[in-house]
Amino acid sequence: MKYSKILLCFGALWASSAFPAPAPCDTLRVAFLTDIHVTPGNVQDSLFRVAVDEINASPCDIVIFGGDLTNLGSDAELEYVHGLISRLEKPWHAVPGNHETTWSESACTAFARIFGHDERTAFRAGDYLFLGYASGPFMKMAMGAVRTEDLAWLAAEAAKARPGQRIVSLCHYPLNNDLTNRTEVTATLRRLGIPLTLFGHYHRAPSLFNFDSIAGIQGRALRGKSDSDAGYTLLDFWGDSVRVREKTLGAEPRTRFTIRMQDDPQTLALASDPTPPVPDYKAHAQLVLQDSATIYTGPAFYRDLVYYGTTQGVLRACDTRRNREVWRQRFGGALYTTPLVAEGLVIAGTTTDGLRAYDARTGRER
């Protein structure tokens, strides 16, 4: 009899140490919504209104949106869905998804104006620091990617974490081979001590992923296989643990899984995507210059000068022989179109300042 009691006590002790029960006094309750895909008057419009009413009546502390808030990413849809989200009586934060970035009629400038940040948001809740950022695509129908300057921003914000504060990553895309720079992103998160990322994009039940030892929690889409299956994800954070529950509208939440944020056996047992091969350009190309921002424009040339634009809104003229910058012009939004060089002028199409022309040699505006 004593032996059985000892075994039972040991089993209970192991279970409690693996997945401690959330303590009401220090649990952070998060409603996580992603892929809500609202267009004025569509089914998701009605379903999201129900979800907002449910969340307002719930004990949730904070609401997080993981992108794909709209269908077409139009300015009108962004204004509309922002109005619906603003009905929440809880603090909320949102990042864009591919439906906001790849089809944006304003090159994402409307998102910044309406949502109050340039697709990056850092916020604290309880003992946690959440760092949200865009994951593209930033060109029509391209692959997802995290911009170079956003990775630098992650490092700067992570350095501001308070002692003992745990950091959670938030973006729309999974950190797998759906991102063109997946290995750079996961290496950055590991270096910064960020053990967990929240994401959407996949329209399936809340699921657990392993992204090169980074735990990934995928939130479900608002609309399920049918209208009666609509819902969202609930996350309960306490200490190093996260409980993931699925909340169908009008029903009690169901626990899907509970993990530790750091080195959880369930996470590590999952296979990561194979590491993509790294192309070797050394036999065919020579590195001439490198920028601290992402470059989506093509290069334009005039004698020894090369011209290009960056996602930070900078038009640069560089002398390739002397390896130095000759001049630069800065705009309010990212540059995506390749500059045109003709008759001693450089003409740039911008997302915020229209068409601009500059003297190719001096950079003086014409």
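# Notebook: looking through a predicted model

I began with the cysteines, and a search of the whole structure gave me 0 disulfides. I keep in mind throughout that this is a predicted model. I then looked up three cysteines by name. Cys 60 has a relative accessibility of 10% and counts as buried, Cys 318 is buried with a relative accessible area of 4%, and Cys 108 is buried as well, at 8%.

**Entry on backbone angles.** I stayed with Cys 108, since its phi is near 70°, a positive value in a residue other than glycine. I found Cys 108 in the loop that lies between α4, residues 98–101, and α5, residues 109–115. For background I noted that most residues other than glycine have a negative phi, and that most peptide bonds are trans. Asp 35 is another residue I wrote down here, because it has a positive phi of about 55° although it is not a glycine. Asp 35 sits in the loop between β1 (28–33) and α2 (43–56), and with 2% relative accessibility Asp 35 counts as buried.

Next I turned to the peptide bonds, and I recorded that the one from Gly 136 to Pro 137 is cis, with omega near 0°. I placed Pro 137 in the loop between β5 (128–132) and α6.

**Entry on His 172.** Which residues does His 172 touch, leaving aside its neighbours within four places in sequence? I listed Thr 34, Asp 35, Gly 66, Gly 67, Asp 68, Pro 96, Gly 97, Asn 98, Ser 135, Phe 199, Gly 200 and His 201. Asp 35, which I had already met for its positive phi, is therefore a buried residue that also appears among the contacts of His 172. His 172 itself belongs to the loop between β6 and α7, and I found His 172 buried, with a relative accessible area of 0%. I also noted a polar contact, in which the side chain of His 172 reaches the backbone oxygen of Gly 66 at 2.8 Å.

**Entry on strand β6.** From that loop I stepped back into β6, residues 166–170, where I found Val 168. Is Val 168 buried or exposed? With 0% relative accessibility, Val 168 counts as buried. Not counting residues up to four places away in sequence, I saw Val 168 touching Leu 129, Phe 130, Leu 131, Ile 194, Leu 196, Leu 198, Phe 237 and Met 261. I also looked up a separation across the chain, and the C-alpha atoms of Val 168 and Arg 322, which are 154 residues apart in sequence, are separated by 43 Å.

**Entry on helix α7.** On the other side of the His 172 loop I came to α7, residues 182–192, and listed its buried residues as Arg 182, Val 185, Thr 186, Thr 188, Leu 189 and Leu 192. These residues cover an arc of only 155° around the axis, so they lie on the same side of α7. I then asked where the buried residues of α7 pack, and I found them against α6 (148–158), β6, β8 and β9 (214–218). After α7 comes Gly 193, and I noted that its phi is positive, near 75°.

**Entry on strand β8.** Because β8 is one of the elements that the buried residues of α7 pack against, I looked at Ser 207, which is found in that strand, residues 207–211. Ser 207 is buried at a relative accessible area of 17%, and I recall that the cut-off for this is under 20%. A polar atom of the Ser 207 side chain lies 2.7 Å from the backbone oxygen of Ala 205. Not counting residues up to four places away in sequence, I noted that Ser 207 touches Gly 216, Ile 217, Gln 218 and Phe 257.

**Entry on a sheet.** I finished with 4 strands that form an open sheet, in the order β13-β14-β15-β16, with antiparallel pairing. At the edges I found β13 (300–302) and β16 (324–330), each with a single partner strand, so one side of each is left without a neighbour in the sheet. On average, and with direction ignored, neighbouring strands of this sheet are turned by 20° against each other. Looking at one pair, I noted that 3 bridges join β13 to β14, residues 305–309, and that these two strands run antiparallel. Within that pair I found Tyr 302 standing opposite Leu 305 in β14.

Definitions and conventions:
Residues are numbered from 1 along each chain as its sequence is written. This is a predicted model: local features need pLDDT of at least 70, side-chain atom pairs count only at pLDDT 80 or more; totals for chains, interfaces and linings use all residues. Side-chain values use heavy atoms; hydrogens and water are left out. Buried means under 20% relative accessible area, exposed over 50%, partly exposed in between (1.4 Å probe, protein chains only). A polar contact is a pair of N or O atoms within 3.5 Å; within protein, one must be able to donate a hydrogen and the other to accept it, and residues adjacent in sequence count only if both atoms are side-chain atoms. Contact means heavy atoms within 4.5 Å. Two strands pair if DSSP finds at least two bridges between them. Axes are lines fitted to C-alpha atoms, for helices over the stretch in contact, and angles run from 0 to 180 degrees between N-to-C directions. The arc is that of the directions from the helix axis to the C-beta atoms. A disulfide is a pair of cysteine sulfur atoms within 2.5 Å.
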